[in-house]
Amino acid sequence: MLDVLIVDDSVAIRKILQRVLRQTEIPIGNIIEAGDGKEALELLKTQTVGLALLDINMPNMDGLELLGHLRASEPWTNLPIIMVSTEGSQTKVLKALEMGASGYVRKPFNADQIKEKLVEIL
Amino acid sequence: MSNVSEPETISNADIVAAIVTSAEEVFSTMFGMEVPSEEIPLPQDVASAPASGIISLIGLTGPWAGTGSISCNAELACTLSSKLLMDEFTEVNEEVLDAVAEVTNMIIGNVKNVLEAKVGEMGLSTPTVIYGVNFQTRSAQTHKWTGVRFKCGSEELCVLMCLVQSTVKTERASLQFPQIVRM
């Protein structure tokens, strides 16, 4: 079973992503949620996940900073991470990919886009 | 001849086109809805007449800075939230306010993405949502608003933008202009 971390300051988006994940053929285990990067890092001190979906624009610690922390520390250096964000500029997408994001999905998204990205990276 | 290029400007037509493209994409992708639109002929100095319902404000910073807003009545907010979250909402609660905030983030965020191609990288704040009666919003920086009205069944959703070119390249230019809400 694949445990998943969803980090987004919008409860609505977290709920939508949970629903999309449960609809896939991938056996999803626990889904843990955080409202920003700091909260996510706290949760990851005690929990293990096999996939993370990160928003970029969030209070306290944004998704790119969180991505940087994760890629710099074991055991998260190879964790599959998909950025899910309204940020659509080529600069931001390239920056995220250069920092080690495994994939990028721009909001607004539909379920198929998330599913395709999961199949691509898992 | 000078190699210094003129700074790019954003016209009213650019903003209207960006709002229509962005909102149509959000409505078709997230709600499966097609929404006819029309530009709102706004007075120069007033963003909205005193109104009731929900307004969600989000700040933009960078070479052009200002505010984007989305407003609708409580009924439409509940309808959109029900579609988005596949749940039934009949009154405005935390989940409805959060859903409206996210719709704002997606529509104005995509307007920003479109405008960035002309003027360079811009920043986006997190949205602030207000639910109440008889309120009016103004920007302390500029009174020139541009807006588009979208028809969602029998209700309307209004998207407004108020942007000015940042003239001073200092830290101040990266700050969001204060917004005033009168209730």
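**Exercise 1. Work out the order in which helices and strands follow one another along chain B.**

Solution. Start by reading along the sequence of this predicted model: chain B runs α-β-β-β-α-α-β-β-β-β-β. Tally the elements and you get three helices and eight strands. Now look at how the chain folds back on itself. Take the contacts in chain B with a separation of 6 or more: 71% of them join residues 24 or more positions apart. As for burial, 39% of the 183 residues of chain B count as buried.

**Exercise 2. Find out which strands β3(B) pairs with, and say how enclosed β3(B) is.**

Solution. Go one neighbour at a time.

- Strand β2(B), residues 51-61, is joined to β3(B) by seven bridges, and the two run antiparallel. For a landmark, find G59(B), which sits opposite T67(B).
- The link between β2(B) and β3(B) is a hairpin with two residues between the strands. Check G62(B) in that turn: its phi is positive, about 125°.
- Strand β7(B), residues 155-165, is also antiparallel to β3(B), with eight bridges. Here I70(B) has V159(B) as its bridge partner.

Last step, burial. A residue needs 20 or more other C-beta atoms within 10 Å to count as buried. Nine of the nine residues of β3(B), residues 64-72, are buried, so the strand is largely enclosed by the rest of the structure.

**Exercise 3. Describe how α2(B) and α3(B) cross, and name the residues that touch.**

Solution. Two packed helices are described by the angle between their axes and the distance between the axes. For α2(B) (residues 74-85) and α3(B) (residues 94-119), the axes come within 9 Å and cross at roughly 80°. That makes α2(B) roughly perpendicular to α3(B), because angles of 65 to 115 degrees fall in that class. Next, the contact residues. From α2(B) come A77(B), C78(B), L80(B), S81(B), L84(B) and L85(B); α3(B) supplies E95(B), V96(B), A99(B), V100(B) and V103(B). Sort them by class and you have nine nonpolar, one polar and one charged.

**Exercise 4. Lay out the five-stranded sheet of chain A and place its helices.**

Solution. Write down the order: β2-β1-β3-β4-β5, an open sheet with parallel pairing. β2 (28-34) and β5 (103-106) of chain A are at the edges with a single partner strand each, so one side of each has no neighbour in the sheet. The average twist from one strand to the next is 20°. Zoom in on β1(A), residues 2-7: five bridges pair it with β2(A), and V4(A) stands opposite I31(A). Then add the helices. α1(A) packs on the sheet against β1, β2 and β3 (51-54) of chain A, at about 170° to the direction of β2(A). α3(A), residues 63-71, touches β1, β3 and β4 (81-85) of chain A, at about 175° to β4(A).

**Exercise 5. Is I56(A) buried or exposed, and what does I56(A) touch?**

Solution. First locate I56(A), in the loop between β3 and α3 of chain A. Count around the residue: 26 other C-beta atoms lie within 10 Å, so I56(A) is buried. Leaving out residues up to four places away in sequence, I56(A) touches D62(A), G63(A), L64(A), M83(A), S85(A) and E87(A). E87(A) is 31 residues away along the chain, yet the two C-alpha atoms are separated by 7.5 Å.

**Exercise 6. Count the residues where chain A meets chain B.**

Solution. Chain A puts in 18 residues and chain B puts in 21. On the chain A side, α1(A) (residues 11-23) gives the most, with six. By class, the chain A side has seven nonpolar, seven polar and four charged residues.

Methods. Residues numbered from 1 in each chain as written. Chains lettered and ligands numbered in written order. Predicted model: local features only at pLDDT ≥ 70, side-chain atom pairs only at ≥ 80, totals over all residues. Axes fitted to C-alpha atoms, helices over the stretch in contact; angles between N-to-C directions. Helix = DSSP H or I, 4+ residues; strand = E, 2+ residues; numbered from the N terminus. Parallel < 35°, antiparallel > 145°, perpendicular 65-115°, else oblique. Contact = placed C-beta atoms within 7 Å. Nonpolar A, V, L, I, M, F, W, Y, C, P; charged D, E, K, R; others polar. Pairing = 2+ DSSP bridges. Buried ≥ 20, exposed ≤ 12 C-beta atoms within 10 Å, placed from the backbone.
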